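Visitor: I would like to learn how to read a model like this one. Can we go through it feature by feature?

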Amino acid sequence: MRKIKISISAAVFNDITELSFEDRTLMDKAIGARKKAYAPYSKFSVGAALLLENNEIVTGNNQENAAYPSGMCAERVAIWKAGSDFPNVKILQLAISASSSISKVDKPVGPCGACRQSLSEYEIKQKQPFPVLFMGEVGEIIKTASLDALLPFSFDSSYL
Ligand code: THU
(Lines give C-alpha, C1' and ligand atoms only; values in the text may rest on other atoms or scores of the structure.)
Protein backbone atom coordinates (compact mmCIF):
# COMPACT_ATOMS: atom_id res chain seq x y z
CA MET A 1 0.00 0.00 0.00
CA ARG A 2 1.16 3.50 -0.63
CA LYS A 3 -0.43 6.79 0.05
CA ILE A 4 -0.67 9.68 -2.29
CA LYS A 5 -1.60 13.23 -1.54
CA ILE A 6 -3.42 15.46 -3.95
CA SER A 7 -3.53 19.14 -3.25
CA ILE A 8 -5.01 21.95 -5.19
CA SER A 9 -4.37 25.63 -4.97
CA ALA A 10 -6.76 28.41 -5.71
CA ALA A 11 -6.72 32.17 -5.63
CA VAL A 12 -9.28 33.81 -3.37
CA PHE A 13 -10.40 37.37 -4.09
CA ASN A 14 -12.28 39.37 -1.49
CA ASP A 15 -14.80 40.70 -3.96
CA ILE A 16 -15.41 41.45 -7.60
CA THR A 17 -13.46 44.70 -7.49
CA GLU A 18 -10.23 42.74 -6.89
CA LEU A 19 -10.51 40.92 -10.21
CA SER A 20 -8.48 41.82 -13.28
CA PHE A 21 -10.33 43.67 -16.02
CA GLU A 22 -10.61 40.45 -18.11
CA ASP A 23 -11.86 38.34 -15.20
CA ARG A 24 -14.31 41.04 -14.16
CA THR A 25 -15.65 41.31 -17.71
CA LEU A 26 -16.32 37.57 -17.87
CA MET A 27 -17.85 37.48 -14.38
CA ASP A 28 -20.15 40.35 -15.36
CA LYS A 29 -21.35 38.19 -18.26
CA ALA A 30 -22.01 35.30 -15.86
CA ILE A 31 -23.96 37.66 -13.60
CA GLY A 32 -25.97 38.90 -16.58
CA ALA A 33 -26.77 35.29 -17.55
CA ARG A 34 -27.69 34.48 -13.96
CA LYS A 35 -30.28 37.23 -13.98
CA LYS A 36 -32.03 35.50 -16.88
CA ALA A 37 -32.12 32.04 -15.23
CA TYR A 38 -35.37 30.13 -15.16
CA ALA A 39 -35.46 28.91 -11.56
CA PRO A 40 -39.08 29.14 -10.37
CA TYR A 41 -38.79 26.03 -8.16
CA SER A 42 -35.50 26.35 -6.32
CA LYS A 43 -35.36 30.17 -6.51
CA PHE A 44 -31.62 29.58 -6.93
CA SER A 45 -30.24 31.22 -10.05
CA VAL A 46 -26.91 30.37 -11.60
CA GLY A 47 -25.14 31.99 -14.54
CA ALA A 48 -22.08 30.77 -16.40
CA ALA A 49 -19.92 32.47 -19.02
CA LEU A 50 -17.23 30.86 -21.16
CA LEU A 51 -14.59 32.90 -22.93
CA LEU A 52 -13.49 31.21 -26.15
CA GLU A 53 -10.29 31.56 -28.09
CA ASN A 54 -12.13 33.32 -30.92
CA ASN A 55 -13.20 35.98 -28.37
CA GLU A 56 -16.81 34.80 -28.30
CA ILE A 57 -18.41 34.68 -24.87
CA VAL A 58 -20.94 31.88 -24.52
CA THR A 59 -23.33 32.09 -21.58
CA GLY A 60 -25.82 29.79 -19.94
CA ASN A 61 -28.13 29.71 -16.95
CA ASN A 62 -30.09 27.06 -15.11
CA GLN A 63 -33.32 25.97 -16.73
CA GLU A 64 -35.67 24.26 -14.31
CA ASN A 65 -38.63 22.02 -15.04
CA ALA A 66 -41.81 21.04 -13.21
CA ALA A 67 -40.47 17.51 -13.53
CA TYR A 68 -37.46 18.48 -11.42
CA PRO A 69 -34.77 16.13 -12.82
CA SER A 70 -35.54 17.35 -16.33
CA GLY A 71 -34.03 20.74 -15.50
CA MET A 72 -30.43 21.62 -16.28
CA CYS A 73 -27.58 23.49 -14.58
CA ALA A 74 -26.15 26.71 -15.95
CA GLU A 75 -22.68 25.29 -16.54
CA ARG A 76 -23.90 22.44 -18.70
CA VAL A 77 -26.22 24.73 -20.68
CA ALA A 78 -23.19 26.94 -21.38
CA ILE A 79 -20.67 24.19 -22.18
CA TRP A 80 -23.06 22.41 -24.52
CA LYS A 81 -23.91 25.67 -26.26
CA ALA A 82 -20.18 26.23 -26.78
CA GLY A 83 -19.60 22.65 -27.88
CA SER A 84 -22.54 22.86 -30.26
CA ASP A 85 -21.90 26.28 -31.82
CA PHE A 86 -18.08 26.31 -31.67
CA PRO A 87 -17.01 22.65 -31.71
CA ASN A 88 -13.31 23.20 -32.28
CA VAL A 89 -12.71 26.50 -30.55
CA LYS A 90 -10.77 26.33 -27.31
CA ILE A 91 -12.25 27.49 -24.03
CA LEU A 92 -9.98 29.96 -22.27
CA GLN A 93 -11.89 30.57 -19.04
CA LEU A 94 -15.16 29.92 -17.19
CA ALA A 95 -16.93 32.24 -14.74
CA ILE A 96 -19.90 31.27 -12.55
CA SER A 97 -22.18 33.29 -10.28
CA ALA A 98 -25.11 32.11 -8.15
CA SER A 99 -27.83 33.91 -6.20
CA SER A 100 -31.07 33.09 -4.43
CA SER A 101 -34.24 35.09 -4.02
CA ILE A 102 -34.64 33.45 -0.59
CA SER A 103 -31.30 34.29 0.99
CA LYS A 104 -28.13 36.19 0.21
CA VAL A 105 -25.53 33.90 -1.33
CA ASP A 106 -22.29 35.37 0.01
CA LYS A 107 -19.88 32.48 -0.49
CA PRO A 108 -18.43 31.06 -3.70
CA VAL A 109 -20.65 28.44 -5.34
CA GLY A 110 -18.64 25.81 -7.19
CA PRO A 111 -20.08 23.74 -10.02
CA CYS A 112 -21.92 20.55 -9.00
CA GLY A 113 -20.32 17.16 -9.56
CA ALA A 114 -22.22 16.38 -12.74
CA CYS A 115 -21.21 19.74 -14.21
CA ARG A 116 -17.57 19.14 -13.27
CA GLN A 117 -17.67 15.85 -15.17
CA SER A 118 -19.29 17.46 -18.22
CA LEU A 119 -16.87 20.39 -18.19
CA SER A 120 -13.91 18.04 -17.73
CA GLU A 121 -14.71 16.34 -21.05
CA TYR A 122 -14.02 19.59 -22.90
CA GLU A 123 -10.85 20.43 -20.99
CA ILE A 124 -9.46 16.99 -21.88
CA LYS A 125 -10.69 17.31 -25.47
CA GLN A 126 -8.90 20.61 -26.02
CA LYS A 127 -5.72 19.44 -24.24
CA GLN A 128 -5.48 22.79 -22.51
CA PRO A 129 -6.63 23.60 -19.00
CA PHE A 130 -9.03 26.47 -18.47
CA PRO A 131 -9.31 28.47 -15.24
CA VAL A 132 -12.61 28.47 -13.36
CA LEU A 133 -13.81 31.48 -11.39
CA PHE A 134 -16.82 31.13 -9.12
CA MET A 135 -18.74 33.27 -6.69
CA GLY A 136 -22.15 33.68 -5.07
CA GLU A 137 -24.03 36.93 -5.52
CA VAL A 138 -21.56 38.94 -3.42
CA GLY A 139 -18.37 38.28 -1.50
CA GLU A 140 -15.36 36.12 -2.21
CA ILE A 141 -14.44 34.70 -5.56
CA ILE A 142 -12.39 31.52 -5.99
CA LYS A 143 -10.25 30.97 -9.06
CA THR A 144 -8.73 27.58 -9.86
CA ALA A 145 -6.21 27.12 -12.64
CA SER A 146 -8.14 24.30 -14.27
CA LEU A 147 -11.20 22.11 -14.24
CA ASP A 148 -8.96 19.20 -13.34
CA ALA A 149 -8.21 20.89 -10.03
CA LEU A 150 -11.92 20.68 -9.21
CA LEU A 151 -12.26 17.03 -10.21
CA PRO A 152 -9.34 14.81 -9.27
CA PHE A 153 -9.64 11.14 -10.29
CA SER A 154 -12.13 12.07 -12.98
CA PHE A 155 -13.52 9.51 -15.37
CA ASP A 156 -12.31 9.92 -18.94
CA SER A 157 -12.21 8.09 -22.25
CA SER A 158 -8.96 6.29 -21.35
CA TYR A 159 -11.04 3.89 -19.24
CA LEU A 160 -13.32 2.91 -22.12
N1 THU B 1 -27.43 24.58 -10.28
C2 THU B 1 -26.65 25.02 -11.30
O3 THU B 1 -27.12 25.66 -12.25
N4 THU B 1 -25.33 24.74 -11.26
C5 THU B 1 -24.72 24.03 -10.26
O6 THU B 1 -23.55 23.74 -10.36
C7 THU B 1 -25.47 23.66 -9.08
C8 THU B 1 -26.93 23.84 -9.14
C9 THU B 1 -28.86 24.84 -10.35
C10 THU B 1 -29.69 23.61 -10.57
C11 THU B 1 -31.02 24.03 -9.98
O12 THU B 1 -31.77 24.71 -10.97
C13 THU B 1 -30.64 25.01 -8.88
O14 THU B 1 -29.31 25.40 -9.14
C15 THU B 1 -30.72 24.43 -7.48
O16 THU B 1 -30.02 23.26 -7.37
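**Reading the model**

Guide: Start with Ser-146, which is buried at a relative accessible area of 11%. Keep in mind that this is a predicted model.

Visitor: Where does Ser-146 sit along the chain?

Guide: Ser-146 belongs to the segment after strand E6 (141-144).

Visitor: Which residues does Ser-146 touch, leaving out those up to four places away in sequence?

Guide: Glu-123, Pro-129, Phe-130, Pro-131 and Val-132.

Visitor: And what does the side chain of Ser-146 reach?

Guide: The backbone nitrogen of Asp-148, at 3.4 Å. A polar atom of that Ser-146 side chain is also 3.0 Å from the backbone nitrogen of Ala-149. Both pairs count as polar contacts because the cut-off is 3.5 Å.

Visitor: Pro-131 was among the residues touching Ser-146. Is Pro-131 buried or exposed?

Guide: Buried, with a relative accessible area of 18%. The label applies because buried means under 20%. Pro-131 lies in the loop between H3 and E5.

Visitor: What else does Pro-131 touch, beyond four places in sequence?

Guide: Its contacts include Leu-92, Gln-93 and Leu-94. Lys-143, Thr-144 and Ala-145 are on the list too, along with Ser-146. For a C-alpha view, take Leu-147. Pro-131 and Leu-147 are 16 residues apart along the chain, and their C-alpha atoms are separated by 6.7 Å.

Visitor: Now the cores. What is the general idea?

Guide: In soluble globular proteins, nonpolar side chains tend to be buried together.

Visitor: How many residues are in the largest nonpolar core here, and which of them touch the most other members?

Guide: It has 20 residues, and Leu-50, Ile-91, Leu-94, Ile-96 and Val-132 touch the most other members. At least two residues of this core come from each of E2, H2, strand E4 (91-100), helix H3 (113-126) and strand E5 (132-135).

Visitor: Take Ile-91. What is Ile-91 in contact with, aside from neighbours within four places in sequence?

Guide: Leu-50, Leu-51 and Leu-52 are among its contacts. The others are Ile-79, Tyr-122, Gln-126 and Phe-130. Apart from the largest core lies another, of 12 residues, including Phe-13, Ala-30, Ala-49 and Met-135.

Visitor: On to the ligand. Which residues surround the ligand?

Guide: Ser-42, Phe-44, Val-46, Asn-62, Glu-64, Cys-73, Ala-74, Glu-75, Pro-111 and Cys-112. By class, the shell divides into 6 nonpolar, 2 polar and 2 charged residues. Strand E2 (44-52) and helix H2 (74-85) each supply at least two of the shell residues.

Visitor: Which polar atoms of the protein lie 2.9 Å from an oxygen atom of the ligand?

Guide: Asn-62 offers a polar side-chain atom at 2.9 Å from a ligand oxygen. Ala-74 has a polar backbone atom at 2.9 Å from an oxygen atom of the ligand. For Cys-112, a backbone N or O atom lies 2.9 Å from a ligand oxygen. As for cover, the ligand has 370 Å² of accessible area on its own, and the protein covers 75% of it.

Visitor: How should I read backbone phi values?

Guide: Most residues other than glycine have a negative phi, and most peptide bonds are trans. So a positive value deserves a look at its place in the chain.

Visitor: What is the phi of Lys-43?

Guide: Near 60 degrees, a positive value in a residue other than glycine. Lys-43 lies in the loop between helix H1 (21-34) and E2. Lys-43 is partly exposed, at 37% relative accessible area.

Visitor: And what is the phi of Asn-55?

Guide: About 75 degrees, again positive although Asn-55 is not a glycine. Asn-55 is in the loop between E2 and strand E3 (57-61). Asn-55 counts as exposed, at 64% relative accessibility.

Visitor: Last, two helix residues. Is Cys-115 buried or exposed?

Guide: Buried, with a relative accessible area of 0%. Cys-115 is found in helix H3. Beyond four places in sequence, Cys-115 touches Cys-73, Glu-75 and Arg-76.

Visitor: Where is Lys-81, and what does Lys-81 touch beyond four places in sequence?

Guide: Lys-81 is in helix H2. Lys-81 touches Val-58, Thr-59 and Phe-86. Its relative accessible area is 37%, so Lys-81 is partly exposed.

Note on methods
Residues are numbered from 1 along each chain as its sequence is written. This is a predicted model: local features need pLDDT of at least 70, side-chain atom pairs count only at pLDDT 80 or more; totals for chains, interfaces and linings use all residues. Side-chain values use heavy atoms; hydrogens and water are left out. A residue is near a molecule or strand if one of its heavy atoms lies within 4 Å of it. A polar contact is a pair of N or O atoms within 3.5 Å; within protein, one must be able to donate a hydrogen and the other to accept it, and residues adjacent in sequence count only if both atoms are side-chain atoms. Accessible areas come from the Shrake-Rupley method with a 1.4 Å probe; for residues, only the protein chains shown count as cover. Helices (H or I, at least four residues) and strands (E, at least two) are DSSP runs, numbered from the N terminus. Ala, Val, Leu, Ile, Met, Phe, Trp, Tyr, Cys and Pro count as nonpolar, Asp, Glu, Lys and Arg as charged, and the others, Gly among them, as polar. A nonpolar core is a set of buried Ala, Val, Leu, Ile, Met, Phe, Trp, Tyr and Cys residues joined through side-chain atoms within 4.5 Å. Buried means under 20% relative accessible area, exposed over 50%, partly exposed in between (1.4 Å probe, protein chains only). Contact means heavy atoms within 4.5 Å.
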